[in-house]
Amino acid sequence: MSNEQTPQQGEELETDIEVEVEVEQQDADQEFVELTEDQQRIVELEAAVIAAESKVVEQKDSVMRAIADADNARKRAQGEIDKARKFALEKFAGELLPVADNLERALQVANPEDEAIKPIVDGVELTLKSFLSTIEKFGMSVIDPQGQPFNPEKHQAMSMQENAELAPNTVLAVMQKGYEINGRLLRPAMVMVTRAPEAGVDTQA
């Protein structure tokens with residue numbers, strides 16, 4: 001009689017089985033939910049990594065552009081400094097030109113055969129030579145185009161004269177020498193230029 005189950009015991013056994021199945025189902029659902037959350041977390045992390053990589057690329061481009069802009073600005077500033085240094089003496093040099101002109105005029109009017117003034121002439125020549133040597137150290141150079149072709153960029157034609165011996169547009173005489181500083185024209189040379197004789201060509205048929 002003890003081995004037989006009462007109806008009440010049978011019901012209790014069925015209830016326990018149902019509870020066990022329910023717990024196992026909940027565990028399976030929880031595991032499925034946890035797996036889904038992990039996958040979502042992985043997707044989120046992957047998206048974050050992609051976004052971070054894109055941001056790094058953008059920032060790298062910005063840094064490279066900033067470096068290039070800074071380098072260009074540095075080069076421009078250096079160029080301006082070099083230019084300012086190169087031509088800083090331009091105005092001062094222009095004020096010195098009359099000194100050279102006056103020394104040259106003194107030599108032109110002096111009589112080299114006159115022994116009384118020869119020491120003075122020698123002194124003026126030495127002074128002019130020293131003066132020109134000094135200004136050359138600062139990038140100045142003399143434009144003395146005697147016998148050279150006329151160059152409108154460096155010469156200023158004051159007059160023209162017919163000449164059959166020299167080619168047309170040749171500098172026949174230099175009235176005033178020109179000067180340039182570091183390749184930049186400071187003052188053009190004032191010159192007389194040759195032209196072909198008008199009677200040299202027969203224009204009549």
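# Close-up views of a predicted model

**Figure 1. The whole chain has three helices and six strands.** This is a predicted model. From the N terminus on, the elements run α-α-α-β-β-β-β-β-β. The helices therefore come before the strands in this order. The chain holds 205 residues, and buried residues make up 16% of them. Now take the contacts with a separation of 6 or more. Residues 24 or more positions apart account for 64% of these.

**Figure 2. Confidence varies along the chain, and residues 200–205 score below 50.** The average pLDDT of the protein chain is 81. A score of at least 70 is reached by 80% of the residues. Residues 200–205 have a pLDDT below 50. Beyond near neighbours in sequence, this stretch has zero contacts in the model. Where pLDDT is low, the predicted coordinates should not be read in detail.

**Figure 3. Three strands build an open sheet in the order β1-β4-β5.** Strands of a sheet pair through backbone hydrogen bonds, either parallel or antiparallel. Which kind of pairing is found here? The pairing is antiparallel. Strands β1 (140–143) and β5 (184–187) stand at the edges. Each has a single partner strand, so one side of each is left without a neighbour in the sheet. On average, neighbouring strands are turned by 35° against each other, direction ignored.

**Figure 4. Four bridges join β1 to β4.** Strand β4 covers residues 178–181. The two strands run antiparallel. Ser141 stands opposite Glu180 in β4. Glu180 has a relative accessibility of 14%. That value is under 20%, so Glu180 counts as buried.

**Figure 5. Glu180 in β4 also meets Lys154 in a salt bridge.** Side chains of opposite charge can pair when their charged atoms come close. For Lys154 and Glu180, the N to O distance is 3.6 Å. The pair links distant parts of the chain, 26 residues apart. Lys154 sits in the loop between β1 and β2, while Glu180 belongs to strand β4. Are the two partners buried or exposed? Lys154 is partly exposed, with a relative accessible area of 33%. Glu180 is buried, at 14%.

**Figure 6. Helix α2 lies across β1, β4 and β5.** The helix covers residues 90–109. It runs at about 50° to β5. A salt bridge joins the side chains of Asp101 and Arg187, at 2.7 Å from N to O. Asp101 is in helix α2 and Arg187 is in strand β5. The two residues are 86 residues apart, and the pair links distant parts of the chain. Asp101 is buried, because its relative accessible area of 7% is under 20%. Arg187 is buried too, at 14% relative accessibility.

**Figure 7. Leu89 is placed in the loop between α1 and α2.** What does Leu89 touch, not counting residues up to four places away in sequence? It touches Phe138 and Ile181. Leu89 and Ile181 are 92 residues apart along the chain. Their C-alpha atoms are separated by 8.7 Å. Leu89 has a relative accessible area of 34% and is partly exposed.

**Figure 8. Glu44 forms a salt bridge with Arg41.** The closest N and O atoms of this pair are 3.6 Å apart. Both residues belong to helix α1 (residues 7–86). They are three residues apart, so about one helical turn separates them. Glu44 is partly exposed, at 47% relative accessibility. A network of salt bridges links Asp71, Arg74 and Lys75. The count of salt bridges comes to ten.

**Figure 9. Asn163 is found in the loop between β2 and β3.** Strand β2 covers 155–162, and strand β3 covers 171–176. How far is a polar atom of the Asn163 side chain from the backbone nitrogen of Glu165? The two lie 2.8 Å apart. Leaving aside neighbours within four places in sequence, Asn163 is in contact with Leu172, Thr194, Arg195 and Pro197. Asn163 counts as buried, because its relative accessibility of 17% is under 20%.

How values were computed
Residues are numbered from 1 along each chain as its sequence is written. Side-chain values use heavy atoms; hydrogens and water are left out. Two strands pair if DSSP finds at least two bridges between them. Axes are lines fitted to C-alpha atoms, for helices over the stretch in contact, and angles run from 0 to 180 degrees between N-to-C directions. Contact means heavy atoms within 4.5 Å. Buried means under 20% relative accessible area, exposed over 50%, partly exposed in between (1.4 Å probe, protein chains only). A polar contact is a pair of N or O atoms within 3.5 Å; within protein, one must be able to donate a hydrogen and the other to accept it, and residues adjacent in sequence count only if both atoms are side-chain atoms. A salt bridge is a side-chain nitrogen of Lys or Arg within 4 Å of a carboxyl oxygen of Asp or Glu. pLDDT is the predictor's confidence in each residue, from 0 to 100.
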